Structures are given as structure tokens and as C-alpha cells.
Amino acid sequence: MTGKETATKPRTASSAFRVGLIQMRSGLDPRANLESARTLIGDAAKAGAAYVQTPEMTNILANKREQLFANIQAEENDPTLANLRQLARELSIFIHIGSLAIKVSPEKAANRAFLIDRRGDIVARYDKIHMFDVDLAGGESYRESNNYRSGELAVVTDLPWGRIGVTICYDLRFPALYSALAEAGATFLAIPSAFTRQTGEAHWHVLMRARAVENGSFVFAAAQGGKHENGRETYGHSLIVDPWGRILAEGGAEPGVVMAEVDPAEIAAARARIPSLQHGRRFELIEPMAEPTHLHAVREPL
């Protein structure tokens, strides 16, 4: 289930480092969105961030198909990707593009994340697995699968401070994905997002903290926030959460930079206190034949 973009062995976690999350309000013009991202990434780097993450849909937030496909490119031609690779080299930082809309065929795009190292090299790519196809209260409706092709592989890769599991937004609601990433060595979980205001108000904090606690991992979640050009409203509240579920830093609804110092030593400490990753067991589900019950029973394998 886990695809690895790098062939290197996991690195031993080193000293603390600063994380910068870029909160944006992407519109329909990729050039304007790029300039906003560049400015905020530069601000984060000046403040000492060694790892900077942008939100889902950094290059464009478009609901209408014609607006989306009129403004996106294949990966090799995408100007946002090329520009931010150069910026990573100039600033000598890791830039994690939460996702870009990337054209993969005349009919489909990929919702694709990129992790770029200090040399400007792409060290990991991840295509969002879980498509946001939902009908919300008040008539809000989304069909991400109409325009996007879902990914098939989970991705974990190395940073100088530990391993990072790469996910995007709606993936947050599928805890088995994060368990698989943690089992593959992930100590940081990246969840860049464009959560709707409605679902964010209800679930954002509790789900982010749960993923951190369940896996004894830091969570980095850069977010889109506010009322967008296309009429969509996103929740914002970019979060950095520690392995004990404590919120180290949080944004509001406006664009900006969210920063925190992250100490990888806290991961081992949290996992030693609650070693749930070592205690997970697989269960077999059976339906008992005895009447009159119709309940499902759960049995541990011998």
C-alpha cells in the first residue's frame, strides 16, 4: 500500500527545526496565486523555517471545469512548480507544495503534491487518493472525481529530521492511510487542505489532533482560508500539532504564515508513553449463526 519515492534508508531524527505553513486564498489566476505563495514562503524563510508547506490547490481553486482546464498545465510545463523549485534552491529550504492541479489527460487532472529539497529537486510526488464527492447541508455539493483522477499509492519519504507521510485534505477522514504511513516509518504527517468552512467548523481540529495522537506523529496542515474568487468558502486555521495532540500553532481565516519549532525527540517520548503502534492487531469479522441475534461479532485470530 505504501509507495516510496526515495530509495534511501530512513534517517535518524536530528535536532529541532522550524516549520512554516503558508495559508492562502487561491483564486482563478495561477500567476497571482504564485506571487502570493512566493511572498509568504519568503517571509517564512526569513523567520527561520527550514520546511515550508503550502495548502492544497496552491495554483488554482476552480469549481467550474472550463475555468480549471483553461488554466492548468502538464507537470513538465507547470510554471508554479518550476518557479517554486527555483525558490527552494535560492532559499535553501524544503518546500512542500500541498498540491497543484496538474493536467494528466485532456479530460482529467491530478491533485498532486510535490516535496522539493534544498537543491530544488523533486524528492516525492503524491496524487490525492480520496476524492471529495459529497453533498453538504444548505446545497453545497462537490464532485472532485468529475475533474480529477484519484491516486493509488501512499507516499512516505525522508526529511533530514525524520520521515514524512504525504496526504491531501479529504484523506484526513481515512485513518487506515495514516496507520500505514506510520507503520512505514512516518514521524510527520502532512495534510495540506482546502477544507470547506462548514466541515472545518465541525471536524477540522478534532480530526487533525486524532491523526497526531493515533500515530504519535507531528501533523503539518497548511490550509486555504476565506471567501474565494469562485464563491467557495474555506475554513483556514492552518495547524501544527504535536504527537501528544497539542496545537503548537494555528492560523485564522486570513492568508499568512503559521510557524512553530518542532522537536523530533517528542515523537519517541509520545510513542513510549502510549505504544499503540506496537499493539495493533488484525481482527476477523464473523456473523454468528445462532438465533435470534443479528449482530456482528468480532474475533481475534489465534
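This report describes the nonpolar cores, one helix and several backbone angles in a predicted model.

## Nonpolar cores

The largest nonpolar core contains 50 residues, and within this core the members that touch the most others are Tyr 51, Phe 188 and Phe 220. Separate from this set is a second core, which has 22 residues and counts Val 52, Leu 84, Ile 102 and Ile 116 among them.

## Helix 5

Helix 5 runs over residues 197–215, a stretch of 19 residues, and the distance from its first C-alpha to its last is 26 Å, close to the 27 Å expected at 1.5 Å a residue. Helix 5 nevertheless has a bend of about 55°, which is placed at His 203.

The buried residues of helix 5 include Thr 199 and Gly 200, then Trp 204, Leu 207 and Met 208, and, further along, Arg 211, Ala 212 and Asn 215. Just after helix 5 comes Gly 216, whose phi is positive at about 55°.

## Positive phi outside glycine

Ser 92 is not a glycine, and yet its phi is positive, at about 55°. This serine belongs to the loop that joins helix 3 (79–91) to strand 4 (94–103). With a relative accessible area of 41%, Ser 92 is partly exposed.

His 237 likewise has a positive phi, near 60°, in a residue other than glycine. The position of His 237 is again in a loop, here the one between strand 14 (233–235) and strand 15 (239–241).

Note on methods: Residues numbered from 1 in each chain as written. Predicted model: local features only at pLDDT ≥ 70, side-chain atom pairs only at ≥ 80, totals over all residues. Heavy atoms only, no water. Core = buried A, V, L, I, M, F, W, Y, C linked by side-chain atoms within 4.5 Å. Buried < 20%, exposed > 50% of the residue type's maximum accessible area, 1.4 Å probe, protein only. Helix = DSSP H or I, 4+ residues; strand = E, 2+ residues; numbered from the N terminus. Expected span 1.5 Å × (residues − 1). Bend = angle between axes of the 7 residues up to and from the residue.
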